[in-house]
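Subject: Structure for your review

Dear colleague,

Please find the structure below, followed by an account of what was found in it. I would be grateful if you read the account with the structure open beside you.

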Amino acid sequence: MPPERRRPRYAEEPEPQEAVGESADEAYDDVYDEEPAYDEEAAYEEPRARRPRRPLTAAAAAQAGLRHIAQLTSRDPEDVTLVAPREHGWVVDVEVLEDHRIPSSSDILAIYEIEMDDEGDLLSYRRTRRYRRGPVEFTEGSS
């Protein structure tokens with residue numbers, strides 16, 4: 001017959017210590033009958049919202065737009081062409097060099113529109129236009 005295996009000490013039930021003024025049964029009850037505290041209301045609470053940051057300035061929105069486009073397209077942004085506030089955030093247009101050519105006047109550029117929330121987090125982006133660098137467009141009001 002194999003030798004009897006002993007259970008490790010940590011697997012044994014701890015012996016309750018007799019407290020002053022309590023019987024051994026009362027001390028045992030305190031150790032083993034106590035249920036963990038459960039807060040039913042806390043179980044259904046919404047997770048804590050992030051601490052609100054200060055609203056972005058136009059300059060900060062432009063920087064955030066440049067950063068988002070650089071990360072998303074893996075291309076070098078050339079310039080910010082539009083920064084406009086919206087009801088709950090910002091719209092930023094960024095010009096991006098899509099294809100470098102020689103001479104540089106034949107480079108292919110694109111305009112990307114970025115929509116961000118009040119904190120600068122990206123909501124959406126899209127390419128709105130693609131064109132050659134060479135031709136200069138004159139718009140109303142320009143000389």
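A residue is called buried when its relative accessible area is under 20%, exposed when this is over 50%, and partly exposed in between. By that cut-off glutamate 113, with a relative accessibility of 16%, counts as buried. Please note that this is a predicted model.

The sheet and the helix across it

The strands form an open sheet of 4, in the order β1-β2-β3-β4, with antiparallel pairing. Its edges are β1 and β4, each of which pairs on one side only. On average, and with direction ignored, neighbouring strands of this sheet are turned by 20° against each other. Between β2 and β3, which run antiparallel, there are 10 bridges. Valine 94 has tyrosine 112 of β3 standing opposite. Helix α3 lies across β1, β2, β3 and β4, and runs at about 45° to β2.

Proline 77 belongs to strand β1. Not counting neighbours within four places in sequence, proline 77 is in contact with Leu66, Ala70, Val94, Glu95 and Val96. The C-alpha atoms of proline 77 and arginine 67 are separated by 8.6 Å, the two residues being 10 apart along the chain. With a relative accessibility of 27%, proline 77 counts as partly exposed.

Salt bridges

How many salt bridges does a search of the whole structure find? The search finds 7. Three of them are described here in turn.

Glutamate 98 forms a salt bridge with arginine 75, and the closest N and O atoms are 3.5 Å apart. Because glutamate 98 lies in strand β2 and arginine 75 in the loop between α3 and β1, the pair ties together parts that are 23 residues apart in sequence. Glutamate 98 is buried, at a relative accessible area of 10%, whereas arginine 75 is partly exposed at 32%. This pair also belongs to a network of salt bridges that links Arg75, Glu98, Arg127 and Arg130.

A further salt bridge joins glutamate 78 to arginine 133, the closest N and O atoms again being 3.5 Å apart. This pair links distant parts of the chain, with glutamate 78 in strand β1 and arginine 133 in the segment after β4 (122-132), 55 residues apart. Glutamate 78 is partly exposed, with a relative accessible area of 36%. Arginine 133 is also partly exposed, with a value of 31%.

Glutamate 113 and arginine 126 meet through their side chains in a salt bridge of 3.2 Å, N to O. Here too distant parts of the chain are linked: glutamate 113 is in strand β3 and arginine 126 in strand β4, 13 residues apart. Arginine 126 counts as partly exposed, at 48% relative accessibility, while glutamate 113 is buried at 16%.

Which residues surround the buried glutamate 113? Setting aside residues up to four places away in sequence, glutamate 113 touches Val91, Val92, Asp93, Ser124, Tyr125, Arg126 and Thr128. Arg126 in this list is its salt-bridge partner.

Two points in the backbone

Most residues other than glycine have a negative phi, and most peptide bonds are trans. Two places in this model deserve a remark on that account.

The peptide bond that leads from isoleucine 102 to proline 103 is cis, with omega near 0°. Proline 103 is found in the loop between β2 (89-99) and β3 (108-117).

Serine 74 is not a glycine, yet has a positive phi of about 60°. Its place is in the loop between α3 (58-73) and β1 (77-86). Is serine 74 buried or exposed? Serine 74 has a relative accessible area of 65%, and therefore counts as exposed. The loop that holds serine 74 is also the one that holds arginine 75, the salt-bridge partner of glutamate 98.

In short, the structure shows an open sheet of 4 strands with α3 lying across β1, β2, β3 and β4. The search of the whole structure gives 7 salt bridges, and the backbone has a cis peptide bond before proline 103 and a positive phi at serine 74.

Yours sincerely

Conventions:
Residues are numbered from 1 along each chain as its sequence is written. This is a predicted model: local features need pLDDT of at least 70, side-chain atom pairs count only at pLDDT 80 or more; totals for chains, interfaces and linings use all residues. Side-chain values use heavy atoms; hydrogens and water are left out. Helices (H or I, at least four residues) and strands (E, at least two) are DSSP runs, numbered from the N terminus. Buried means under 20% relative accessible area, exposed over 50%, partly exposed in between (1.4 Å probe, protein chains only). A salt bridge is a side-chain nitrogen of Lys or Arg within 4 Å of a carboxyl oxygen of Asp or Glu. Contact means heavy atoms within 4.5 Å. Two strands pair if DSSP finds at least two bridges between them. Axes are lines fitted to C-alpha atoms, for helices over the stretch in contact, and angles run from 0 to 180 degrees between N-to-C directions.
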